[in-house]
Every structure is written in C-alpha cells, then in structure tokens.
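Let's walk through this one together, starting with charged pairs and moving on to helix packing and the nonpolar cores.

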Amino acid sequence: MYVLVRRDPDDRDTKRMLGSVLYGLGSTLVGAGQPEESLAALTECAGVYEELGELGEPDMQPLVADVRARKAQVLAELGRGVSAVIEADQAVMAYLDLGAGSSDSPLVLDLARVLSLNANVLYDYGDRDLAVCSADWAVRFYLSQAEAINRAPLAESFVHGRYLRGSAAIAARVHTQQGRLDIALAVGATEVHSARAMARTNAPGDLAHLVTALVHHGLSLREAGRGEEGGELIREGRELDPLTTAEATRAWESLTAQGAARPPSMSFAAALAAAASKLGDDRVPSVLRDLAFDPADGATTMVPSLRCEGQIAPAIATLLAGLAVDLLDDPDPYSAREAGLLGREAHYLFAAASRAQVLSMRFQFHDFGATWARMLLALVPAFETGPGGSVIATDLAGRLAGVTLRLQPIALVDQVTARLVEECEALVERLLPPGPGHERTTSGFE
C-alpha cells in the first residue's frame with residue numbers, strides 16, 4: 001500500500017485504502033495484546049484521514065473522530081489517561097459539530113458509541129459527573145434507536161449492544177455511588193436486559209458481565225425495599241458464577257459505603273467542595289462553583305471542553321490551576337487526589353482553548369502558558385510519587401514538553417520565563433529522555 005501511495009501521492013482512493021488498512025491494523029493489534037503498536041498505527045491513520053480532509057475529500061470528519069475514539073481506548077489501556085480524555089473529547093465534539101445529537105441524524109448511533117467509549121475513559125481518568133452524563137446520553141440515544149439496532153445485521157447489533165451495556169453499567173455505578181437510587185434502578189434494568197442479550201454468546205466475558213449486572217441490580221432493588229425481586233437476581237447470579245457474585249457484592253458495598261469507609265467521590269463538584277473546605281470558601285469563586293452540575297438534571301456537559309465557553313476557558317483554567325497547586329501543599333492525604341482532578345481539568349481547558357486558537361492563548365501565552373507550565377511542574381511529581389500514577393506523570397510530562405516549546409521564544413526576552421523553561425526542560429528530560437517509547441506532545445499543545 002505504501003508503494004502505491006509513493007507511486008501516485010495524489011491518488012486519494014489509495015490513501016483512503018491506506019487509512020482503512022491502518023485502522024483495521026490498529027484494532028487487530030489491540031486484540032493481539034500490542035497496544036503500543038496499535039497506537040502507532042492509529043496515529044498514522046489519523047494523519048492520513050486529516051490530510052485527505054485538508055485536500056477537500058468529503059466525509060473525513062467522522063473517520064477522524066472514530067480514530068480518535070479508538071486511540072482514546074488504547075491510551076486508556078496503556079494508562080495514559082490524560083491523553084485518552086483529550087482524544088475522546090475531540091471525538092465527541094466532532095460528532096456534535098456534525099449534528100449527530102439529533103435523533104434523525106444518520107450519525108446518531110456513531111455518537112452513542114463514541115459517548116460510551118468517552119464515559120469509560122472519564123470514569124477511570126476524569127470527572128465522574130462528566131462520565132455519568134456521557135453514559136446517560138449514550139443510553140438515551142441507544143434506546144431511541146432500538147428499532148434500528150434490532151433490524152441491523154446480527155454482528156452490528158451485538159456491537160451496539162455491548163456499548164449500551166457498558167454505558168448502562170457506568171451510569172448505574174455512578175448514580176448508585178452518588179445516592180440517586182431511582183435513576184440507578186432504571187438504568188440498572190437496562191444493563192441487565194442488554195447483558196442478558198449479550199450473554200447468548202456464552203463468551204466468558206459476557207457471562208461475567210451478566211453476573212455482575214444481576215448482582216448489582218439485585219442489591220439496588222433490595223436497597224429500594226424490593227427484596228424479593230432483588231433476591232431472585234442475586235440467586236441467579238450465584239448459580240451462574242459464585243466467585244463473580246462475591247466480587248460483585250464487594251464492589252457494590254464499596255460503592256455504597258458510608259462514613260470513613262467511603263472513599264471520596266472522584267467528581268469535579270466534590271473536589272471543588274473539598275478545596276473550599278480546606279483552603280477557604282473565598283478561594284473558590286462563584287464562577288467555578290457555577291461550572292458544577294447535577295448529572296440528574298438533564299445536563300449536556302459530556303466532555304471537559306463543554307464545561308465553559310472557549311473564550312473564558314483560559315481564565316477558568318487559571319483559577320483551577322491555582323486551587324490544584326495550593327491543594328498539593330495541604331496535609332490531608334486525599335488532597336493530592338483532589339488536586340490531581342482539578343489540575344487535569346485545568347489542563348483540559350487550557351488544551352481545548354489552545355486547539356480552538358482562542359485569542360488570549362495566542363496573544364497572552366506569556367501569562368496563560370506560564371501558569372499552565374507551572375501547574376504541570378507541580379502536578380507531575382505528585383503523580384510520579386503517588387500510587388499507580390507514574391504513567392500519568394509521564395503522560396503529563398509529554399504535554400508539558402509541548403507547552404515548553406511554545407514558551408521558548410518568550411524565554412529569549414524574559415528572564416522569569418527563561419527560568420521556568422529551564423525547570424520544565426529538566427523535568428521533561430528526566431521523565432522522557434530522547435528515544436523510542438517516550439512520546440512528547442510538541443504540536444497542537446493538547
């Protein structure tokens with residue numbers, strides 16, 4: 001294929017075929033347990049499709065969005081959660097810009113699939129409120145298209161069924177943890193229904209998911225006073241797999257634990273509340289509090305870049321960055337976790353504003369870029385020493401490399417920026433020495 005492209009660089013059909021081959025290769029390599037190779041293939045694929053789009057080839061935006069969603073999935077598997085969230089954000093926004101949110105759009109099922117992937121990434125690496133909002137909308141879109149899914153070829157129906165099942169599972173989990181039992185019961189019933197359908201394959205993974213869905217929904221029914229119904233589901237799960245039933249019970253009990261046994265919620269709203277409690281109410285202005293939302297109230301904030309208008313994103317990110325840095329100095333052991341969440345949200349807003357070429361990010365980068373870099377300088381070591389955070393630390397260091405590159409011209413005429421750039425370069429060199437396997441995000445400032 002490469003030979004054909006080199007032979008005729010202007011042949012768009014050949015480039016389309018190359019992109020298709022690379023996309024398929026990326027998916028195959030994931031299944032073969034080679035995520036790094038998969039990521040390389042998908043990154044090349046995105047480049048091919050983007051080039052075709054710039055040449056005027058039609059219908060490239062959905063293809064690029066699909067590749068970004070797949071990249072997000074692979075990045076999450078590699079533990080590179082910051083990059084995963086940003087890729088998923090761009091995939092969702094691309095479909096929304098194409099009008100896929102309309103029920104009569106031919107792209108609505110594609111949006112539902114991407115929202116499901118986005119919810120998974122956010123649940124593991126982002127704001128749980130964003131995750132449940134994305135999952136809720138994925139479920140809504142899928143249910144609205146139930147007839148079309150049922151008419152589709154069996155293989156396609158199963159693909160969408162698994163995404164629906166995954167979205168419903170995340171929605172039920174978060175709503176349960178946040179105390180919205182009525183919503184958790186409704187979406188839990190959807191999860192059980194879709195899990196039953198998927199379990200017809202008799203694949204071990206599908207059967208295990210069915211058991212987990214049965215147990216979680218059964219325990220929620222018991223909590224709601226519907227003990228007989230709940231007990232039947234739990235018994236069904238136990239008959240299918242006693243070990244998975246025990247594991248699912250422990251997981252549900254952890255979600256619903258109270259008092260000291262309950263870990264802090266990984267949500268933007270909870271982190272802001274903690275910052276106000278630890279740093280003082282005056283440190284969390286109303287403009288930040290207004291960004292928090294109730295996922296049960298029809299919210300449409302499904303990705304970080306939708307949290308506020310692009311023009312004010314740099315200013316909002318600056319406020320969040322200040323909270324994150326100050327929380328890192330707080331002695332409470334949970335403060336570093338809350339700082340990490342607020343700091344990553346600041347990073348996502350800075351990155352979104354930079355991608356959108358917001359004027360203040362272009363003409364005031366000496367201020368906003370320096371704040372961005374200082375925050376990353378503080379966050380990276382905190383993740384590096386935290387449990388399981390070393391991959392996130394290197395991921396953020398790769399992003400810091402891109403910010404530092406853009407600060408370098410300013411450093412030539414400003415000594416304060418020059419010292420900052422030196423600190424950044426030293427950290428990047430330590431965590432990402434030149435060589436294969438050490439990716440630096442030096443373009444796009446994402």
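A salt bridge here is a side-chain nitrogen of Lys or Arg within 4 Å of a carboxyl oxygen of Asp or Glu. Aspartate 395 and arginine 80 meet that description, with their side chains at 3.8 Å, N to O. Aspartate 395 sits in helix H20 (residues 390-411) and arginine 80 in the loop between H4 and helix H5 (81-97), so this pair ties together parts that are 315 residues apart in sequence. Both partners are tucked away: aspartate 395 is buried with a relative accessible area of 4%, and arginine 80 is buried with 14%.

Before going further, a word on what you're looking at. This is a predicted model, and the chain averages a pLDDT of 92, with 93% of the residues scoring at least 70. Over residues 442-446, though, the pLDDT is below 50; this stretch still has 18 contacts in the model beyond near neighbours in sequence.

**Charged pairs**

Searching the whole structure turns up 22 salt bridges. Here are three of them, side by side.

| Pair | Closest N to O | Separation in sequence |
|---|---|---|
| Aspartate 395 and arginine 80 | 3.8 Å | 315 residues |
| Arginine 113 and aspartate 66 | 3.0 Å | 47 residues |
| Arginine 113 and aspartate 110 | 2.9 Å | 3 residues |

Arginine 113 shows up twice in the table, with aspartate 66 as one partner and aspartate 110 as another. The bridge to aspartate 66 links distant parts of the chain, given that arginine 113 is in helix H6 and aspartate 66 is in helix H4 (residues 60-77). The bridge to aspartate 110 stays inside helix H6, with the two residues about one turn of the helix apart.

Are these side chains buried or exposed, if buried means under 20% relative accessible area? Arginine 113 is at 12%, so it counts as buried. Aspartate 66, at 16%, is buried as well. Aspartate 110 comes in at 22%, so it is partly exposed.

Charged groups also join up in a bigger arrangement: Glu50, Arg68, Lys71 and Glu87 are linked in a network of salt bridges.

**Helix H12 and its surroundings**

Now for a helix you can check with a ruler. At 1.5 Å a residue, the 14 residues of helix H12 (residues 227-240) should span 20 Å, and the end C-alpha atoms are indeed 20 Å apart. Its buried residues are Gly230, Gly231, Leu233, Ile234 and Gly237. Looking down the axis of H12, these buried residues fall within an arc of 165°, so they line one face of the helix. Glu228 and Glu239, on the other side of H12, are exposed.

What covers the buried residues of H12? The cover includes helix H10 (181-198), helix H11 (204-223) and helix H13 (242-255).

**Where H11 meets H13**

Two of those covering helices touch each other too, and histidine 216 is a good place to start. Histidine 216 lies in helix H11 and, at 15% relative accessibility, counts as buried. Setting aside neighbours within four places in sequence, histidine 216 is in contact with Ala248, Ala251 and Trp252.

Try the view from the other end. Alanine 248 lies in helix H13 and is buried, at 5% relative accessibility. With neighbours within four places in sequence again left out, alanine 248 is in contact with Thr212, Val215 and His216. Alanine 248 and alanine 208 are 40 residues apart in sequence, yet their C-alpha atoms are 9.7 Å apart in space.

Alanine 246 is found in helix H13 as well, but this residue is partly exposed, with a relative accessible area of 30%. Alanine 246 is 31 residues from valine 215 in sequence and 8.9 Å away in space, C-alpha to C-alpha.

**The nonpolar cores**

Which members of the largest nonpolar core touch the most other members? Of its 120 residues, Leu320, Leu342 and Trp372 do. Helix H6 (residues 108-125) supplies the largest share of this core, 12 residues. There's also a second, separate core of 9 residues, including Ala199, Leu214, Leu221 and Leu233. Leu233 is one of the buried residues of H12 we met above.

Note on methods
Residues are numbered from 1 along each chain as its sequence is written. This is a predicted model: local features need pLDDT of at least 70, side-chain atom pairs count only at pLDDT 80 or more; totals for chains, interfaces and linings use all residues. Side-chain values use heavy atoms; hydrogens and water are left out. Helices (H or I, at least four residues) and strands (E, at least two) are DSSP runs, numbered from the N terminus. The expected span of a helix is 1.5 Å times one less than its number of residues. Buried means under 20% relative accessible area, exposed over 50%, partly exposed in between (1.4 Å probe, protein chains only). The arc is that of the directions from the helix axis to the C-beta atoms. Contact means heavy atoms within 4.5 Å. pLDDT is the predictor's confidence in each residue, from 0 to 100. A nonpolar core is a set of buried Ala, Val, Leu, Ile, Met, Phe, Trp, Tyr and Cys residues joined through side-chain atoms within 4.5 Å.
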